[in-house]
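Trainee: Could you go through a structure with me and explain the labels as we meet them?

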Amino acid sequence: MNKLVGPIPPELGFLSDIHTLNLSHNQLNGSIPRTFSNLKQIESLDLSNNKLSGGIPQDLLQLNFLSVLSVANNNLSGRAPDRKAQFATFEASSYEGNPFLCGLPLQENCGSHTAVSDPNPEENDDLFKDSFLETFVPSSIVAFLGVAAFIYLHPSCRMLFQVIEAKLSASDRFA
């Protein structure tokens, strides 16, 4: 909860003697650095409640002392690390809140995931077009009325209209 923003610096993975790393409840984005596999002494890694995306590096399986892991409530995708070594001990709660993450211990089977893309891109296109039209037309009308009101109320513009009107009236007399 330090109000950290941006990606996790990969250099943190070179703090080889660190035992606990808690970066939870920040605004971190980007992916989990593969360099975290160098944290050979780490026992607790909490990256929960951020905006991390991408997959969980399989290289983290090398962390033999890791007894606490939480990557919950991010935007992680793909397959959860294999249930080997320390990762065999982590429950679904370590990964929950990542809608595109699949595999054990999660309930979501990776076989049903085709890709981490939007299943209905056409529906989103229609939604965008509808939203655009709903906002563009009223905005255009308001802009037109604003310009017209400015021209009508501004003294120098009013004078221009009077000159145009006088010329039109004069041309009507000669016609």
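Mentor: Sure, let's start with two strands: β2 and β4 pair in the parallel sense over three bridges. Keep in mind that this is a predicted model, where local features need pLDDT of at least 70, side-chain atom pairs count only at pLDDT 80 or more, and totals for chains, interfaces and linings use all residues. Residues are numbered from 1 along each chain as its sequence is written, and side-chain values use heavy atoms, with hydrogens and water left out.

Trainee: What makes β2 and β4 a pair?

Mentor: Strands pair if DSSP finds at least two bridges between them. β2 and β4 have three bridges, so they count as paired. One bridge puts Asn 22 opposite Asp 46 in β4. The strands themselves are DSSP runs (E, at least two residues), and helices are runs of H or I with at least four, all numbered from the N terminus.

Trainee: Which strands make up the open sheet, and in what order?

Mentor: The order is β2-β4-β6, with parallel pairing.

Trainee: Why are β2 and β6 called edge strands?

Mentor: Each of them pairs on one side only. On average, neighbouring strands in this sheet are turned by 10° against each other, direction ignored; the axes are lines fitted to C-alpha atoms (for helices, over the stretch in contact), and angles run from 0 to 180 degrees between N-to-C directions.

Trainee: How do you know that β3 and β5 pair?

Mentor: They share two bridges in the parallel sense, so the requirement of at least two is met. Gly 30 stands opposite Leu 52 in β5. β3 also runs parallel to β1, with three bridges joining them, and Pro 7 has Asn 29 as its bridge partner in β3.

Trainee: How do you know that Asp 59 and Arg 34 form a salt bridge?

Mentor: The rule asks for a side-chain nitrogen of Lys or Arg within 4 Å of a carboxyl oxygen of Asp or Glu. Here the N to O distance is 2.7 Å, so the pair qualifies. This pair links distant parts of the chain, 25 residues apart: Asp 59 sits in the loop between β5 and β6, and Arg 34 in the loop between β3 and β4. The whole structure has two salt bridges; Lys 84 and Asp 82 also form one, with their closest N and O atoms 4.0 Å apart.

Trainee: Why is Arg 34 called exposed, and what about Asp 59?

Mentor: Buried means under 20% relative accessible area, exposed over 50%, and partly exposed in between (1.4 Å probe, protein chains only). Arg 34 has 57%, so it's exposed, while Asp 59 has 21%, so it's partly exposed.

Trainee: What makes Lys 3 unusual in its phi?

Mentor: Most residues other than glycine have a negative phi, and most peptide bonds are trans. Lys 3 has a positive phi near 60° and isn't a glycine. Lys 3 lies in the segment before β1, and its relative accessible area of 77% makes it exposed. Asn 73 also has a positive phi, about 60°, and is found in the loop between β6 and β7.

Trainee: Which peptide bond is cis?

Mentor: The one from Leu 104 to Pro 105, with omega near 10°. Pro 105 belongs to the loop between β8 and α1. Tyr 95 touches several residues, including Pro 105, Phe 87 and Leu 101; contact means heavy atoms within 4.5 Å.

Terms used:
Lists of a residue's contacts leave out its neighbours within four places in sequence.
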